[in-house]
Structures are given as C-alpha cells and as structure tokens.
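Q: Could you take one strand and go through it closely with me? I'd like the cut-offs along the way, and then how that part sits in the rest of the chain.

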Amino acid sequence: MFINEENFKKDVLSKIPLRNEPPLPEDWLHIEMLERFRILRFAPIREGMNVLEVGCGAHAITTVPLAYLVGETGRVVAVDISRWHFFEEITSSAGLRHRIIPLKVDARELPFPFKSFDLAVLIHGVRSLKNEETMIKVFAEMFRVSEKVFIAETLPISKNQAQEAHLRMYNLREEIFEALFGEKDDLHYLPLERLKGLLEEAGGRIIESGVFEPNLPHYLAYIPRDYVAQIADKRKRAELLEKWDKAYEKWKKGAEHPPVGWIIAGK
Ligand SMILES: C[S@@+](CC[C@H](N)C(=O)[O-])C[C@H]1O[C@@H](n2cnc3c(N)ncnc32)[C@H](O)[C@@H]1O
C-alpha cells in the first residue's frame, strides 16, 4: 500500500460522513484528521507496528490516521479516561475499526506490565492532562510501556491573524471550564522547550524535535456563548462574556491551526 495524503483522503476520509454541527463546517472532522495525518508523518511509524495512543478522545481524530498508517498487520491500542461517544461510529465508517483496541483507562496507570509497544503517541492531548504533575506521570507511563514516544501539541505562537484568532478563543477555554465545572481543561499551550523539559523530568531522552505548520483552518477552539452565560459567579460571567465577544469578532473572520511542536523521545 502506498501511503500519501491523496490516498488517505480517498481510502479513509471519503468514507467518513460529514457532520451537521453548526457553526462548525460539515467537514471539520475531515480537516482535523488531515492535520493529524500531517503531524504523524514526523512520527517513526512503520507498517505492522503495535502502537499505543493516549487520550484518543470521542472522535478518534488521531486514531483513524494512526490505524491507517500501521496497515493491515499493525494494531493501535487507543486509551482514554472518559470520552468515547462517537468512537465506534467513526472508526467503523473509516473501515479501520478492526485494527483498533479501545481501552477505558487512566493513562497515569497503564495496565501493561512491561514494554508492550513499538511507539506510544499523544497528539493534541497534553492540554487535557490537568497539570504538570499529571503530564509527568503520563509521560513516565508511556516510557515504561513503549520503546519510543511521540508527542505533538499546538504551540502558543501565532504567525498571522487567523492563528491569533484561534489562540484568543482557545485561551478562554481553561478559565471557562474552571468557572463552569470547578476543574480546568484545555490548558494553555506550553512552549516546546517546556514540553521537552517535562519529558526529561519523566525520565525521557529527547531524540528529535521540530515545529510544523499545518496550514489548515481550525474551528475547534469555538465554545458557544450560551455556555459562558451559564457561569454562576456574576462578575466572572460578565468578564468572560466580554472577552468572548472580543475573541469571537476575530474568530468569525477565520481561525487557523497555529504551529505544532513535535518530539520523538526514548528512555
Ligand atoms: C483533546 S482530547 C483528544 C485529543 C485527540 N488525540 C486528538 O487528536 O484530537 C484529549 C483526551 O485526553 C483524555 N484524557 C485526559 N486525561 C487522561 C488520562 N489521565 N488518561 C487517559 N486519557 C485522558 C480526555 O478524556 C480527552 O478525550
């Protein structure tokens, strides 16, 4: 099988139905999967590999391109602590469900007694790991069970107005989630040097790293204004609604993926 972007679109993306979730465009999931496919071209993946994916999320956005890249003889063990809602539907429609073993577990304690994987990946998921202590624990587990680790995450850098629009809207999420649910999620992106430092604190050794520009629109920072309007604390609500209105003015003109940092590490 020859793997390139055109084949990925033809073999996989074309089989996944469009979504009807305004104000997101119908092809938002396809665009995000294409972004993950482009990131994964920097990962040391070969056909037939046994890959662990941490924080796969409800939409299998990285899982699908990963399952494509490992080929018919490869396997992806996809773990997530909680979000599974569309996973079966999306991986089945992509025709890749049989290459994936989903597991509902906390990646701070992975249920594998020894090195069981060629590669462990975590893409656009560092942001969901609550705090640096959790990040170090999860990275240490990834090193314990896998030969190599590949981490990729958006960087807090903008090179144009559309990237800046993404960051403005995205940076409201941490505070909005905390005000609504008493717990942070979608933490502010970390600089690449900090990510490397955390991997080293987890016992890892950096093998290679880089920065890449996805050159794709990015709609997922969007958070409905109605959510913000539900914040109970009156002052916080007013402050965040004002920030939301300003961020939305820029976001609606177009938002783009900021640069993404990637790291290959070993132990
Ligand atoms: C931003 S989301 C999905 C990212 C996805 N890989 C992508 O490419 O879009 C991150 C996921 O990490 C999961 N997560 C957070 N903490 C976790 C933990 N301790 N163990 C396993 N999964 C965790 C969340 O439930 C969430 O689904």
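A: Let's start with burial: a residue is buried if 20 or more other C-beta atoms lie within 10 Å of its own, exposed if 12 or fewer, and partly exposed in between, with C-beta atoms placed from the backbone. Keep in mind that this is a predicted model, where local features need pLDDT of at least 70, side-chain atom pairs count only at pLDDT 80 or more, and totals for chains, interfaces and linings use all residues. Residues are numbered from 1 along each chain as its sequence is written.

The part to look at is strand β7, residues 260-266. Five of its seven residues are buried, so the strand is largely enclosed by the rest of the structure. Strands here are DSSP runs of E with at least two residues, helices are runs of H or I with at least four, and both are numbered from the N terminus.

What does β7 pair with? Two strands count as paired if DSSP finds at least two bridges between them. On one hand there's β5 (residues 146-154), which runs antiparallel to β7 over six bridges; Ile151 has Ile263 of β7 as its bridge partner. On the other there's β6, also antiparallel to β7, with seven bridges. In that pairing, Arg205 has Gly266 of β7 as its partner.

Now zoom in on Ile264, which lies in β7. Is Ile264 buried or partly exposed? With 19 other C-beta atoms within 10 Å, Ile264 counts as partly exposed. Contact here means that the C-beta atoms of two residues, placed from the backbone, lie within 7 Å. If you skip neighbours within four places in sequence, Ile264 touches Pro44, Lys148, Phe150, Ile207 and Glu208. Take Phe150: Phe150 and Ile264 sit 114 residues apart along the sequence, yet their C-alpha atoms are 4.7 Å apart. The whole protein has plenty of this sort of long-range pairing: of the contacts between residues at least 6 apart in sequence, 80% join residues at least 24 apart.

Zooming out to the sheet, seven strands form an open one in the order β3-β2-β1-β4-β5-β7-β6, with mixed pairing. The edges are β3 (100-104) and β6 (205-212), each of which pairs on one side only. From one strand to the next the twist averages 20°, where axes are lines fitted to C-alpha atoms (for helices, over the stretch in contact) and angles run from 0 to 180 degrees between N-to-C directions.

Further along the sheet, β1 (residues 50-54) and β4 (residues 117-123) are parallel, joined by three bridges, and Leu52 stands opposite Ala120 of β4. β1 is also parallel to β2 (residues 75-80), this time over five bridges, with Val54 facing Val79 of β2. Like β7, β1 is mostly covered, with four of its five residues buried.

For the bigger frame, the protein has ten helices and seven strands. Its radius of gyration is 18 Å, close to the 18 Å that the globule rule gives for 267 residues, so it is as compact as a globular protein of that length. That radius is taken over C-alpha atoms, and the rule is 2.2 Å times the number of residues to the power 0.38. Along the principal axes, the C-alpha atoms fill a box of roughly 55 × 40 × 35 Å. Across the protein, 41% of the 267 residues are buried.

There's a ligand too. A residue counts as near a molecule or strand if its C-beta atom, placed from the backbone, lies within 6 Å of it. The ligand has 22 residues around it, and Gly55, Gly57, Ile81, Ala107 and Ser128 come nearest. That shell splits into nine nonpolar, seven polar and six charged residues; Ala, Val, Leu, Ile, Met, Phe, Trp, Tyr, Cys and Pro count as nonpolar, Asp, Glu, Lys and Arg as charged, and the others, Gly among them, as polar.

Last, some backbone spots you may want to look at. The Pro22 to Pro23 peptide bond is cis, with omega near 10°, and Pro23 belongs to the loop between α1 (5-11) and α2 (28-40). Lys130, in the loop between β4 and α5 (132-145), has a positive phi near 65° despite not being glycine. Asp186, another residue other than glycine, has a positive phi of about 45°, and lies in the loop between α7 (173-181) and α8.
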